[in-house]
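Reader: I would like a close look at one residue and its surroundings, with enough of the whole chain to place it. Please keep to what can be read from the model.

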Amino acid sequence: QVQVVESGGGLVQPGGSLRLSCAASGSIFSINAMGWYRQAPGKERDLVAGITSGGSTNYADSVKGRFTISRDNAKNTVYLQMNSLKPEDTAVYYCKSTIRVVSGFIRDYWGQGTQVTVSS
């Protein structure tokens, strides 16, 4: 069994910063890609940033230059550093990890989501 748990959301003023964390645990053999998605009310869930096991990254155009994704493979953890936050960044942020479990199966695991609210 695998668990994926996000943390670090909250309320921040425009221009502020937050750091999200997402830790995977359980019967993990290896983790391939990890990524952050977000979903605002009434909108679809969209990719914010992704990172491969080798460290290659990609970002949504709307967050380039403001957000940074990183990972600690030893801790099975992915981070999202968010700077210069804007009200339009307000959403529930979800972590997705593509995990090979010890039995050999590979599938995507989602966290429960963490709320980020940018408001004065």
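The request is narrowed to one residue below, and the answer follows.

Reader: Which residues does Lys96 touch, leaving out those up to four places away in sequence, and does Lys96 count as buried or exposed?

Author: The model is a predicted one. Lys96 belongs to strand E9, which covers residues 91-101. Its relative accessibility is 17%, and because buried means under 20%, Lys96 counts as buried. Setting aside residues up to four places away in sequence, Lys96 touches Ala33, Met34, Gly35, Tyr37, Asp108, Tyr109 and Trp110. One of these, Tyr37, also takes part in a polar contact: its side chain and that of Lys96 meet at 3.2 Å.

The chain around this site is built from strands. It has eleven strands and zero helices, so the pattern along the sequence reads β-β-β-β-β-β-β-β-β-β-β. The radius of gyration is 14 Å, close to the 14 Å that the globule rule gives for 120 residues, so the chain is as compact as a globular protein of that length. Along the principal axes, the C-alpha atoms fill a box of roughly 50 × 25 × 25 Å. Of the 120 residues, 41% are buried, and Lys96 is one of the buried residues. Among contacts between residues at least 6 apart in sequence, 55% join residues at least 24 apart.

Lys96 carries a side chain of the positive kind, and charge can be described for the whole chain. There are 12 positive and 8 negative side chains, and the centres of the two sets lie 5 Å apart. The chain exposes about 6,300 Å², of which carbon and sulfur atoms supply 48%.

Strand E9 is preceded by a loop that starts after E8, and Ser84 lies in that loop. Phi of Ser84 is near 50 degrees, a positive value in a residue other than glycine. Most residues other than glycine have a negative phi. With 41% relative accessibility, Ser84 counts as partly exposed. Asn76, in the loop between strand E7 (67-72) and strand E8 (77-82), likewise has a positive phi, near 50 degrees. Asn76 counts as partly exposed at 24% relative accessibility.

For contrast with the buried Lys96, Ser120 counts as exposed, at 84% relative accessibility. Ser120 lies in the segment after strand E11 (114-118). The C-alpha atoms of Ser120 and Leu85 are separated by 11 Å, with the two residues 35 apart along the chain.

Technical notes
Residues numbered from 1 in each chain as written. Predicted model: local features only at pLDDT ≥ 70, side-chain atom pairs only at ≥ 80, totals over all residues. Heavy atoms only, no water. Helix = DSSP H or I, 4+ residues; strand = E, 2+ residues; numbered from the N terminus. Rg over C-alpha atoms; globule rule 2.2 N^0.38 Å. Buried < 20%, exposed > 50% of the residue type's maximum accessible area, 1.4 Å probe, protein only. Contact = heavy atoms within 4.5 Å. Areas by Shrake-Rupley, 256 points an atom, 1.4 Å probe, with all protein chains shown as cover. Lys, Arg positive; Asp, Glu negative; His and termini not counted. Charge placed at Lys NZ, Arg CZ, Asp CG, Glu CD. Polar contact = N/O pair within 3.5 Å; in protein donor to acceptor, adjacent residues only side chain to side chain.
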